[in-house]
Amino acid sequence: MTAQSFTEQELRDLRLVFDLFSSDKKLITDKEVCEALRLLGFKTAMEDILALLQKVNTSGRRDVQFDTFTNLVSILQGSDFDAHEEIIQCFRIMDKDGDGYLSVEDLSMSSKEAKLKLKRRELQNMISEADKNGDGMVSEQEL
């Protein structure tokens with residue numbers, strides 16, 4: 001099974017979601033994979049995701065690297081899936097105050113809802129990675 005090719009923008013968007021769940025920006029657990037996929041709009045049962053992970057995760061470990069995560073997204077999405085649109089939907093869910101921007105506070109609330117313990121500095125780094133205009137927030141246009 002191989003991942004379909006994503007645009008650079010889609011990969012940046014998927015990286016933002018991955019990093020939300022990864023404290024070291026290298027690995028997320030199988031449970032975090034399920035949470036990240038739910039955030040992206042997938043409604044696949046955890047058992048099904050775990051079974052698929054066994055097929056695509058060549059390391060044999062229960063934690064997943066970014067390339068395995070994107071491979072999994074590609075497999076789950078099928079050919080008619082619009083990854084960017086799913087990222088936009090995720091953005092809107094995480095935009096807690098509805099102002100059209102993701103701030104550190106928005107990420108903090110979203111991570112708490114997902115029961116993730118991320119430090120403020122980690123959240124600031126995530127924003128900095130996606131913040132193209134340097135205003136300290138991420139807009140839909142920056143995705």
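This passage describes the nonpolar core and the internal cavity of a predicted model.

The largest nonpolar core holds 40 residues. Within this core, Leu20 and Phe69 touch the most other members. Seven helices each give two or more residues to the core: H1 (8-21), H2 (30-39), H3 (46-56), H4 (66-77), H5 (83-94), H6 (104-113) and H7 (120-130). Helix H1 supplies the largest share, 6 residues. In soluble globular proteins, nonpolar side chains tend to be buried together.

The contacts of Phe69 were examined next. Residues up to four places away in sequence were not counted. Beyond them, Phe69 touches Leu14 and Phe18. Contacts are also made by Phe69 with Ile28, Ala36, Leu37, Leu40 and Val64.

The whole structure was then searched for enclosed space. The search finds 1 cavity of 30 Å³ or more. About 50 Å³ of space lies in the largest cavity. The lining of this cavity consists of Leu16, Val17, Ile87, Cys90, Phe91, Met94, Leu102 and Leu143. Helices H1 and H5 are the elements that give two or more residues to the lining. Helix H5 contributes the largest share, 4 residues. By residue class, the lining of the largest cavity divides into 8 nonpolar, no polar and no charged residues.

Helices H1 and H5 thus appear in both descriptions. Each gives two or more residues to the largest nonpolar core, and each gives two or more to the lining of the largest cavity. The largest share of the core comes from H1, whereas the largest share of the cavity lining comes from H5.

Key
Residues numbered from 1 in each chain as written. Predicted model: local features only at pLDDT ≥ 70, side-chain atom pairs only at ≥ 80, totals over all residues. Heavy atoms only, no water. Core = buried A, V, L, I, M, F, W, Y, C linked by side-chain atoms within 4.5 Å. Buried < 20%, exposed > 50% of the residue type's maximum accessible area, 1.4 Å probe, protein only. Contact = heavy atoms within 4.5 Å. 1 Å grid on protein atoms, 1.4 Å probe; cavity = no way out; pocket = protein on both sides within 12 Å on 5 of 7 lines; lining within 4 Å. Points joined across faces, edges and corners; volume = space filled by probe spheres on them. Nonpolar A, V, L, I, M, F, W, Y, C, P; charged D, E, K, R; others polar.
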